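Here is a small set of exercises to work through with the model open beside you. Try each task first, then follow the solution step by step.

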Amino acid sequence: MRLTAAILGALALAGAILACGGGPADTTASPPATTDAPATPDTAATPDTATTAAPAARAVRTRPRTIARNLDTPWGIAFLPRGDALVAERDSGRIVRIPATGGRARPVMTVPGVHANGEGGLLGLAVSPAFARDRTVFAHLTTARDNRIVSFKLGERTVTPILTGLRAGSIHDGGRIAFGPDGKLYAGVGETGDSGLAQDRSSPNGKILRINADGSVPSDNPFPGSPVWTLGHRNVQGLAWDRGGRLWATEFGQNEVDEVNLIRKGRNYGWPVVEGRGSTRGGQFTNPKVTWSPTSTSSPSGAAVVGSNLYVGALAGQTLWRIPLHGASAGRPHALFRNRYGRIRTVVAAPGGRIWFTTSNRDGRGSPAASDDRILSFRP
């Protein structure tokens, strides 16, 4: 589905892209990893105010196993039916295939049309729920003109755009895509530094979108004819569903507060009027369930749910957060592997109950080790 002329017109008139502000969440340079000390809770993290924070859990003591190494800024990960993983390299535009048990990454295709620029490039990946039958893969990518979602058969040169005209920028491109339990494709779309787009319902930027696999708009979306599922977002890069079917999303703050939000149909999450918790204006805005302050302690990116815990990768915070979930409430985050691996971007639940996570030390803001970037795995 291509965006209508009205939406494209709204994008063109939205105004000049704003500066990120001091110390934006995904622009903080990270120092090199320096310690293997056991993880400890970060007292700057704030639990859901409606929930009593869970007692501190024991840190994961096992050292993660390296699944793959020497990757070029790995971003999206999607698993094939037999357990092998497809991994998107942001800047090269390549998709590599990694065996389920780990090993050498084998290039399977270079996605045509990728224009890597700043935080843009080849971003999220998703495998069709019917992959065994249709062999289809989906990607969120940046071109020279826009951000878009495309579909293609693995290894083929032809890609089919299913959603185009998402504004692209050197920052805040969002990029995470995932199929939900309802079989619909969800996408986190950033506001590209123009914060006003997040409250503009006619713009797809600064939103979480929900579409059918062919790009059409589901009939039960909250705003008729629109792919917008929720609005008021700055830069969502983590989408994960718990076993109750609830969607949790991570979001970069600007200068003050990072967030984890419980995503509900049609809700407005406040950016740029509210950063973190604030006045809901009589229910107009929805407050986050978890916050971190300042943003240098976290910069939360990818997210995955295993069991009753949400796992969140932190870029500036150089840690993997474990957040207990209690139905629609969230407990206090606990830091795992703090400062061991540098910036952590993507977190996924792998077949068999393991967690895979990627380093992002070659993205221009980290201090890469000789074997970076890597994918690591552990069993929670």
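A residue counts as buried when its relative accessible area is under 20%, and as exposed when that area is over 50%. Please keep in mind that this is a predicted model.

**Exercise 1. Valine 260 and its surroundings**

Task: Decide whether valine 260 is buried or exposed, and list the residues that valine 260 touches.

Solution:
- Step 1: Find the residue. Valine 260 belongs to strand S17, which covers residues 258–263.
- Step 2: Apply the cut-off. The relative accessible area of valine 260 is 1%, and buried means under 20%, so valine 260 is buried.
- Step 3: Collect the contacts, leaving out residues up to four places away in sequence. Valine 260 then touches Trp248, Ala249, Thr250, Pro288, Lys289, Val290, Trp292, Leu310 and Ile323.
- Step 4: Add a distance. Valine 236 lies 24 residues from valine 260 along the chain, and their C-alpha atoms are separated by 9.5 Å.

**Exercise 2. The chain as a whole**

Task: Work out how many helices and strands the chain has, and what share of its residues is buried.

Solution:
- Step 1: Count the elements. The chain holds 2 helices and 26 strands.
- Step 2: Turn to burial. Of the 380 residues in the chain, 59% are buried.
- Step 3: Look at the surface. The accessible surface is about 13900 Å², and carbon and sulfur atoms contribute 50% of that.
- Step 4: Consider the contacts with a separation of 6 or more. Among these, 56% join residues 24 or more positions apart.

**Exercise 3. The sheet from S7 to S10**

Task: Establish the strand order of the sheet that contains S7, S8, S9 and S10, then name its edge strands.

Solution:
- Step 1: Read the order. The 4 strands make an open, antiparallel sheet in the order S7-S8-S9-S10.
- Step 2: Pick out the edges. Strand S7 (122–127) and strand S10 (159–166) each pair on one side only.
- Step 3: Add the twist, which averages 20 degrees from one strand to the next.
- Step 4: Follow S8 into S9. Strand S8 (residues 136–142) pairs with S9 over 7 bridges in the antiparallel sense, and a hairpin of 4 residues joins S8 to S9. Threonine 142 has asparagine 147 of S9 as its bridge partner.
- Step 5: Go on to S10. Strand S9 (residues 147–153) pairs with S10 over 5 antiparallel bridges, and asparagine 147 has leucine 166 of S10 as its bridge partner. The hairpin of S9 and S10 has 5 residues between the strands, and there glycine 155 takes a positive phi near 90 degrees.
- Step 6: Check how enclosed S9 is. Because 6 of its 7 residues are buried, S9 is largely enclosed by the rest of the structure.

**Exercise 4. The sheet from S3 to S6**

Task: Describe the sheet that contains S3, S4, S5 and S6 by strand order and pairing sense.

Solution:
- Step 1: Write down the order. An open sheet of 4 strands runs S3-S4-S5-S6, with antiparallel pairing.
- Step 2: Name the edges. Strand S3 (74–79) and strand S6 (106–110) pair on one side only.
- Step 3: Add the turn between neighbours, which is 25 degrees on average, direction ignored.
- Step 4: Examine one pair. Strand S4 (residues 85–89) meets strand S5 (residues 94–98) over 4 antiparallel bridges, and alanine 85 has isoleucine 98 of S5 as its bridge partner.

**Exercise 5. Aromatic rings**

Task: Explain why the pair of tyrosine 186 and tryptophan 241 is classed as it is.

Solution:
- Step 1: Take the geometry. The ring centres of tyrosine 186 and tryptophan 241 are 5.1 Å apart and the planes meet at 70 degrees, so the pair is edge-to-face.
- Step 2: Place the partners. Tyrosine 186 is in strand S12 (residues 185–189) and tryptophan 241 in strand S15 (residues 236–241), so the pair ties together parts 55 residues apart in sequence.
- Step 3: Check burial. Both tyrosine 186 and tryptophan 241 are buried.
- Step 4: Try another pair. Phenylalanine 337 and tyrosine 341 are also edge-to-face, at 6.3 Å centre to centre and 70 degrees between the planes. Phenylalanine 337 is buried at 1% relative accessible area, and tyrosine 341 counts as buried at 7%.
- Step 5: Widen the view. Tyr311, Phe337, Tyr341, Phe357 and Phe378 form one aromatic cluster.
- Step 6: Finish with a charge over a ring. The charged end of arginine 234 sits over the ring of tryptophan 271, 5.5 Å from its centre.

Conventions:
Residues are numbered from 1 along each chain as its sequence is written. This is a predicted model: local features need pLDDT of at least 70, side-chain atom pairs count only at pLDDT 80 or more; totals for chains, interfaces and linings use all residues. Side-chain values use heavy atoms; hydrogens and water are left out. Two strands pair if DSSP finds at least two bridges between them. Axes are lines fitted to C-alpha atoms, for helices over the stretch in contact, and angles run from 0 to 180 degrees between N-to-C directions. Buried means under 20% relative accessible area, exposed over 50%, partly exposed in between (1.4 Å probe, protein chains only). Contact means heavy atoms within 4.5 Å. Accessible areas come from the Shrake-Rupley method with a 1.4 Å probe; for residues, only the protein chains shown count as cover. Rings of Phe, Tyr and Trp (its six-membered ring) pair if their centres lie within 6.5 Å; planes under 30 degrees apart count as stacked, over 60 as edge-to-face and the rest as tilted. A charge sits over a ring if NZ of Lys or CZ of Arg is within 6 Å of the ring centre and within 35 degrees of the ring normal.
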